[in-house]
Amino acid sequence: MDTPNHGNQGIKTLKSVLVPINPEGWKFVAIFAAITVGLFLIAEPLGWIGVILTLWCAYFFRDPDRITPTDENLVISPADGRVCMISQAPLPKELELDDKTPRTRVSIFMNVFNVHVNRCPINGEIVGEAYVPGKFVNAELDKASENNERQILLVRDKEGREFGVVQIAGLVARRILCDVGTGSQLKAGERFGLIRFGSRVDVYLPEGVSPNVIVGQTTIAGETVLADVSAKGKEAAVGEIR
């Protein structure tokens with residue numbers, strides 16, 4: 001009769017909690033930890049508040065591995081969060097493209113408890129980029145696509161299909177980090193940046209491609225399939241609360 005291996009189970013549980021921290025986060029964890037030491041010197045109860053905030057900071061910058069589908073026709077979610085909007089819009093004007101055709105735009109809102117590392121939705125090359133300074137209004141609002149600070153990328157796959165990926169700062173976000181630029185070659189699910197403290201990511205699908213997700217659905221960066229470009233002309237997904 002097999003006996004349960006409590007040691008191995010404990011290690012698995014620990015690993016599920018202690019996920020890697022994105023390199024960008026370590027300096028913030030160090031700052032919070034230093035403040036915590038100072039708070040303990042002032043008053044012990046304040047120190048424990050600092051401990052909680054330090055742990056939250058480490059949690060915010062967590063960067064777990066993801067299992068990404070390798071089918072090159074699949075468009076993978078670039079962000080953890082919730083689909084807050086699916087609308088029709090042309091690619092951002094800041095890319096200065098001649099193509100003004102409306103296409104499906106899937107908007108994913110990240111709250112302060114989501115993983116904020118962003119991942120490329122497809123295999124492709126960055127063929128265009130633009131940074132736009134702006135406001136910091138609620139990222140769930142439609143006007144955030146035009147008014148908020150944002151980093152825009154245009155990704156082209158080997159079939160010549162173009163996808164827009166836009167990182168949008170939110171109400172409490174104050175820094176968009178993008179580690180790639182024009183000429184970068186990325187795989188679907190590969191990390192390319194993050195947004196600090198609440199934000200949104202928009203994905204512009206090629207013309208005629210419908211989303212496989214619906215408004216309100218939770219997405220996982222690097223894993224959730226947003227669309228299948230090989231199913232061009234297919235009706236958009238529908239769903240219901242159950």
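According to an unreviewed UniProt entry, Ser199 carries the feature "modified residue: Pyruvic acid (Ser)". The unreviewed entry also places the feature "active site" at Ser199. In the model, which is predicted, Ser199 lies in strand β11, a strand that spans residues 199-204. Its relative accessible area is 0%, and Ser199 is therefore classed as buried, the cut-off being under 20%.

Strand β11 belongs to an open sheet of eight strands, whose order is β9-β5-β6-β7-β11-β3-β2-β12 and whose pairing is antiparallel. The edges of this sheet are formed by β9 (185-186) and β12 (218-219); each has a single partner strand, so one side of each is left without a neighbour in the sheet.

The sheet may be followed from the β9 edge. Here β9 runs antiparallel to strand β5, which covers residues 124-132, and two bridges join them. Within this pairing, Gly124 has Leu186 of β9 as its bridge partner.

At the opposite end of the strand order, β12 pairs with strand β2 (residues 81-89) in the antiparallel sense, over two bridges. Strand β2 also pairs with strand β3 (residues 103-110), again in the antiparallel sense, and this pairing comprises seven bridges. Arg82 takes part in both pairings of β2: its bridge partner in β12 is Thr218, and its bridge partner in β3 is Phe109.

Between these two ends, the strand order places β7 beside β11. Strand β7 comprises residues 162-169 and includes Gln167. With a relative accessible area of 1%, Gln167 is buried, because this value falls under the 20% cut-off. What surrounds Gln167 in space, once residues up to four places away in sequence are set aside? Gln167 touches Asn118, then Glu149, Arg150 and Gln151, then Ile176, Leu177 and Cys178, then Phe192, Gly193, Leu194 and Ile195, and finally Arg200. Of these residues, Arg200 falls within the range of β11, residues 199-204. Cys178, also touched by Gln167, is eleven residues from Gln167 in sequence, and the two C-alpha atoms are 8.6 Å apart.

The helical part of the model includes the pair α2 (residues 23-42) and α3 (residues 44-60), which pack with their axes 7 Å apart and at an angle of about 170°. Angles over 145 degrees count as roughly antiparallel, and α2 and α3 are therefore assigned to that class. On the α2 side, the contact is made by Phe28, Val29, Phe32, Ala33, Thr36, Leu39, Phe40 and Ile42. Helix α3 contributes Glu44, Leu46, Gly47, Trp48, Gly50, Val51, Leu53, Thr54, Cys57 and Ala58. By class, the residues of this contact comprise 13 nonpolar, four polar and one charged.

Turning to the whole protein, the secondary structure consists of four helices and 13 strands. Of the 242 residues, 45% are buried, and both Ser199 and Gln167 belong to the buried class. Among contacts with a separation of 6 or more, 73% are between residues 24 or more positions apart.

How values were computed:
Residues are numbered from 1 along each chain as its sequence is written. This is a predicted model: local features need pLDDT of at least 70, side-chain atom pairs count only at pLDDT 80 or more; totals for chains, interfaces and linings use all residues. Side-chain values use heavy atoms; hydrogens and water are left out. Axes are lines fitted to C-alpha atoms, for helices over the stretch in contact, and angles run from 0 to 180 degrees between N-to-C directions. Angles under 35 degrees count as roughly parallel, over 145 as roughly antiparallel, 65 to 115 as roughly perpendicular and the rest as oblique. Contact means heavy atoms within 4.5 Å. Ala, Val, Leu, Ile, Met, Phe, Trp, Tyr, Cys and Pro count as nonpolar, Asp, Glu, Lys and Arg as charged, and the others, Gly among them, as polar. UniProt positions are given in the numbering used here, feature names are shortened, and annotations may be inferred rather than shown by experiment. Buried means under 20% relative accessible area, exposed over 50%, partly exposed in between (1.4 Å probe, protein chains only). Two strands pair if DSSP finds at least two bridges between them.
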